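The following paragraphs guide the reader through a protein model, beginning with its charged pairs and moving on to its aromatic residues. Please keep the sequence and the structure in view while reading.

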Amino acid sequence: MMGPTTILSLLAVAMVAVDGRFYSKCDLASELVSQHGINRDDAPDWVCMAFAESSLNTAATNTNSGGSSDYGIFQINSYWNCDPQDGRKTKNGCGHPCSDYQNSNIGDDVTCVKQLLREHRGWGFSYGHGAQCSSVTSSYLSGCTY
């Protein structure tokens, strides 16, 4: 028989899972352009990076070998760009708890990535972009209307 703590834990996990979202490439491109001010010509880079980093999953997490973790569709790093709220020292460059980057509202994720693009003068902060998207063109989103 499950006790109250077990039931509450299961509900918390279910709530996180329900709030996440898997995008299609076309849906993400459309939302980035129409709702988040991303230039249409830049959408292939954004979508490719998100696909390379998280397979377009807003609830994605990855633990890195150095002990930090990456969160959300753009895999925002817990040491440099968000606060994991676990007592570890963090730079928290984007000023949010890491959990903010794991829900279906990607507005704060986009704001953080825009800041990183300015600070790094391009996609140099993203291993996924460097490995898979450095030569991406508009054909990456062929068939999409956005």
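In this predicted model, the side chains of E31 and R21 come together in a salt bridge, with an N to O distance of 3.7 Å. The bridge links distant parts of the chain: E31 belongs to helix α2 (residues 25-36), R21 lies in the loop between α1 (4-19) and α2, and the two are 10 residues apart. How buried or exposed is each partner? E31 has a relative accessibility of 12% and therefore counts as buried, the cut-off for that class being under 20%. R21, with a relative accessible area of 30%, is partly exposed.

R21 also takes part in a contact of another kind. The residue lies over the face of Y23, at 3.9 Å from the ring centre. A further arrangement of charge and ring involves K25, whose charged end sits over the ring of F51, 4.9 Å from its centre.

How many salt bridges does the model contain in total? The count comes to 2. Besides the pair of E31 and R21, there is a salt bridge between the side chains of R88 and D86, at 2.6 Å from N to O. R88 has a relative accessible area of 35% and is thus partly exposed. D86, at 43% relative accessibility, is likewise classed as partly exposed.

These contacts may now be placed in the overall fold. The protein has 5 helices and 3 strands, and along the sequence they follow the pattern α-α-α-β-β-β-α-α. Of the 146 residues in the protein, 40% are buried. Among contacts between residues at least 6 apart in sequence, 51% join residues that are at least 24 apart. The accessible surface comes to about 8,300 Å², and carbon and sulfur atoms account for 52% of this area.

The aromatic residues offer a second route through the model. A pair of aromatic rings is described by the distance of the centres and the angle of the planes. The structure holds 4 aromatic pairs. In one of them, the ring centres of W46 and F74 are 5.5 Å apart and the planes stand at 85°, so the pair is edge-to-face; the cut-off for this class is an angle over 60 degrees. The pair of W46 and F74 links distant parts of the chain, 28 residues apart: W46 is in helix α3 (residues 43-54), while F74 is in the loop between β2 (69-71) and β3 (76-77). W46 is buried, at 3% relative accessibility, and F74 is buried too, with a relative accessible area of 2%.

Another edge-to-face pair is formed by Y79 and W80, with 4.9 Å from centre to centre and 85° between the planes. Where W46 counts as buried, Y79 is partly exposed, its relative accessible area being 32%. W80, with a relative accessible area of 52%, is exposed, since that class begins over 50%.

Which residues join W46 and F74 in a cluster? W123 and F125 do: together the four residues W46, F74, W123 and F125 form one aromatic cluster. Within this cluster, the two members described above, W46 and F74, are both buried.

Note on methods: Residues are numbered from 1 along each chain as its sequence is written. This is a predicted model: local features need pLDDT of at least 70, side-chain atom pairs count only at pLDDT 80 or more; totals for chains, interfaces and linings use all residues. Side-chain values use heavy atoms; hydrogens and water are left out. A salt bridge is a side-chain nitrogen of Lys or Arg within 4 Å of a carboxyl oxygen of Asp or Glu. Helices (H or I, at least four residues) and strands (E, at least two) are DSSP runs, numbered from the N terminus. Buried means under 20% relative accessible area, exposed over 50%, partly exposed in between (1.4 Å probe, protein chains only). Contact means heavy atoms within 4.5 Å. Accessible areas come from the Shrake-Rupley method with a 1.4 Å probe; for residues, only the protein chains shown count as cover. Rings of Phe, Tyr and Trp (its six-membered ring) pair if their centres lie within 6.5 Å; planes under 30 degrees apart count as stacked, over 60 as edge-to-face and the rest as tilted. A charge sits over a ring if NZ of Lys or CZ of Arg is within 6 Å of the ring centre and within 35 degrees of the ring normal.
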